Amino acid sequence: SWTEAGADGPEPGDGGPRLETRFYRDRSSSIITRNTSPDLGFDYSVNPYRGCEHGCAYCYARPYHEYLGFSAGLDFESRIMVKPEAPALLEAELASPKWTPGVIALSGVTDCYQPIERRLRLTRGCLEVLLDARNPVSVITKNRLVVRDVDLLREMAELGTVRVTLSMTTLDPVLARDLEPRTASPRARLEAIRRLSEAGVPTCVNLAPIIPGLNDHEIPAILEASARAGAIGADWALLRLPLAVKDIFLDWLDRFHPGKKPRILARLRDSRGGRLNSSAFGERLTGAGVFAEQIRALFRVAARRCGLDRPLPPLTVAHFRRPRGGQLEFPGLVGC
């Protein structure tokens, strides 16, 4: 492992608190994970990192860190597992005759463009492999660093093998700093949408999580701003509070919005069958009940008004080819 006192975060100028971050080598022997959830729009995912420096108070991936012997709290934000072999593993798996071409999500769990990616370039290495293989990929991030790879994304867009989604929670820079302390500001994310769209990369926005009583009123404004920036589609997800995430988020409410806490929790319970969380397929991302239906209706109307409700062009596997063999060059992997 090696330690850096926030050298790769927060995002420049975004003002999040700095943590001493320690990185550990993840020696996984495979990189493509099969998704079995019917709620998610992809069959496979690749996660170059486990844990996330962004430090979002609501992150549903936090409990996974406990399986590694770390805490779901500060350890999740400052003890990051890195997979330096990710591009090579991906190339080998795509080259295998066992691989059937399909859309791969970057990433299905933690953000593939978190701050350390600026130096290690593992996500870029994976994109190089995917471009070489012409395998379709769906990228989701809340970090403007994705624009760094616009050269690769443009080539993939010309083949119809890529879509990028920027996750947006709020347009309020103060709320964003408190809620998502070490990632790009809302303004920077909108700029990323603009730059990707201008390069011909199909770009969407995901309003996630919607926290009833805190940011649900921003749905029309976020969609309008995203459409102006060039987004072609939109989706949303209700706040999830599985396992340790519940206590972490409740502590965040006590520190930053104690006056709103009763209303937020009441609306969450109304949307989750009287509980603060539900893991039931079909409901865990959108909820049920009066408030969930109000959010759904507000999103539907606002998306239609902004032209973000149209079907997205499908990603194609028609151009897929097995990697040519031989390891590609992936700079930035020394020191893991």
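Biologist: How many salt bridges does a search of the whole structure find?

Modeller: The search turns up 19 salt bridges, and keep in mind that this is a predicted model.

Biologist: What makes arginine 50 and aspartate 26 a salt bridge?

Modeller: Their side chains come to 3.4 Å, N to O. The cut-off is 4 Å between a side-chain nitrogen of Lys or Arg and a carboxyl oxygen of Asp or Glu, so the pair qualifies. Arginine 50 sits in strand E5 and aspartate 26 in the loop between E2 and strand E3 (32-34), so this pair, 24 residues apart, links distant parts of the chain.

Biologist: Why is aspartate 26 called buried, and why is arginine 50 called partly exposed?

Modeller: Aspartate 26 has 5% relative accessibility, and buried means under 20%, so the label follows. Arginine 50 has a relative accessible area of 32%, which lies between 20% and 50%, so it counts as partly exposed.

Biologist: What about aspartate 178 and arginine 177, what makes them a salt bridge?

Modeller: The N to O distance is 3.7 Å, and that is within 4 Å, so they count. Aspartate 178 is buried at 19%, because the cut-off is under 20%. Arginine 177, at 37%, is partly exposed.

Biologist: Why do aspartate 254 and lysine 261 form a salt bridge?

Modeller: The closest N and O atoms are 2.9 Å apart, which is within the 4 Å cut-off, so the name fits. Aspartate 254 is partly exposed, with a relative accessible area of 42%.

Biologist: What makes Glu117, Arg124, Glu128, Arg148, Asp149 and Asp151 one network?

Modeller: Salt bridges that share partners join these residues. As background, side chains of opposite charge can pair when their charged atoms come close.

Biologist: On to the rings. How many aromatic pairs does the structure hold?

Modeller: Five aromatic pairs. In one of them, tyrosine 24 and phenylalanine 70 have ring centres 5.5 Å apart and planes at 40 degrees.

Biologist: Why is that pair of tyrosine 24 and phenylalanine 70 called tilted?

Modeller: The centres, at 5.5 Å, lie within 6.5 Å, so the rings pair. The planes are at 40 degrees, neither under 30 nor over 60, so the pair is tilted. Tyrosine 24 belongs to strand E2 (residues 21-25) and phenylalanine 70 to the loop between E5 and H1, 46 residues apart, and the pair links distant parts of the chain.

Biologist: How do you know that phenylalanine 70 is buried while tyrosine 24 is partly exposed?

Modeller: Phenylalanine 70 has a relative accessible area of 19%, and under 20% means buried, so the label holds. Tyrosine 24 has 23%, which is between 20% and 50%, so it is partly exposed.

Biologist: And what makes phenylalanine 249 and tryptophan 252 stacked?

Modeller: The planes are 20 degrees apart, and under 30 counts as stacked, so that is the verdict. The distance is 5.7 Å centre to centre. These residues are three apart in helix H9 (residues 244-256), so about one helical turn separates them. Phenylalanine 249 is buried at 0%, and tryptophan 252 is buried at 2%. Phe249, Trp252 and Phe256 form one aromatic cluster.

Biologist: Why is arginine 62 called buried?

Modeller: Arginine 62 has 1% relative accessibility. The limit is under 20%, so it is buried. Its place is in the loop between E5 and H1.

Biologist: What makes the meeting of arginine 62 and glutamate 77 a polar contact?

Modeller: The contact between their side chains is 2.8 Å, and the limit for N or O atoms is 3.5 Å, so it passes on distance. Leaving aside neighbours within four places in sequence, arginine 62 is also in contact with residues including Gly55, Phe76 and Val245.

Biologist: Which residues form the nonpolar patch on the surface?

Modeller: Tyr60, Tyr64, Tyr67, Val109 and Leu243, with about 560 Å² of accessible area together. Tyrosine 60, found in the loop between strand E5 (49-50) and helix H1 (74-78), has 33% relative accessibility. A patch needs over 30%, so tyrosine 60 meets that cut-off.

Conventions
Residues are numbered from 1 along each chain as its sequence is written. This is a predicted model: local features need pLDDT of at least 70, side-chain atom pairs count only at pLDDT 80 or more; totals for chains, interfaces and linings use all residues. Side-chain values use heavy atoms; hydrogens and water are left out. Patches are made of residues with over 30% relative accessible area and no salt bridge: like charges are joined within 9 Å, nonpolar side chains (Val, Leu, Ile, Met, Phe, Trp, Tyr) within 5 Å. Accessible areas come from the Shrake-Rupley method with a 1.4 Å probe; for residues, only the protein chains shown count as cover. Helices (H or I, at least four residues) and strands (E, at least two) are DSSP runs, numbered from the N terminus. Buried means under 20% relative accessible area, exposed over 50%, partly exposed in between (1.4 Å probe, protein chains only). A polar contact is a pair of N or O atoms within 3.5 Å; within protein, one must be able to donate a hydrogen and the other to accept it, and residues adjacent in sequence count only if both atoms are side-chain atoms. Contact means heavy atoms within 4.5 Å. Rings of Phe, Tyr and Trp (its six-membered ring) pair if their centres lie within 6.5 Å; planes under 30 degrees apart count as stacked, over 60 as edge-to-face and the rest as tilted.
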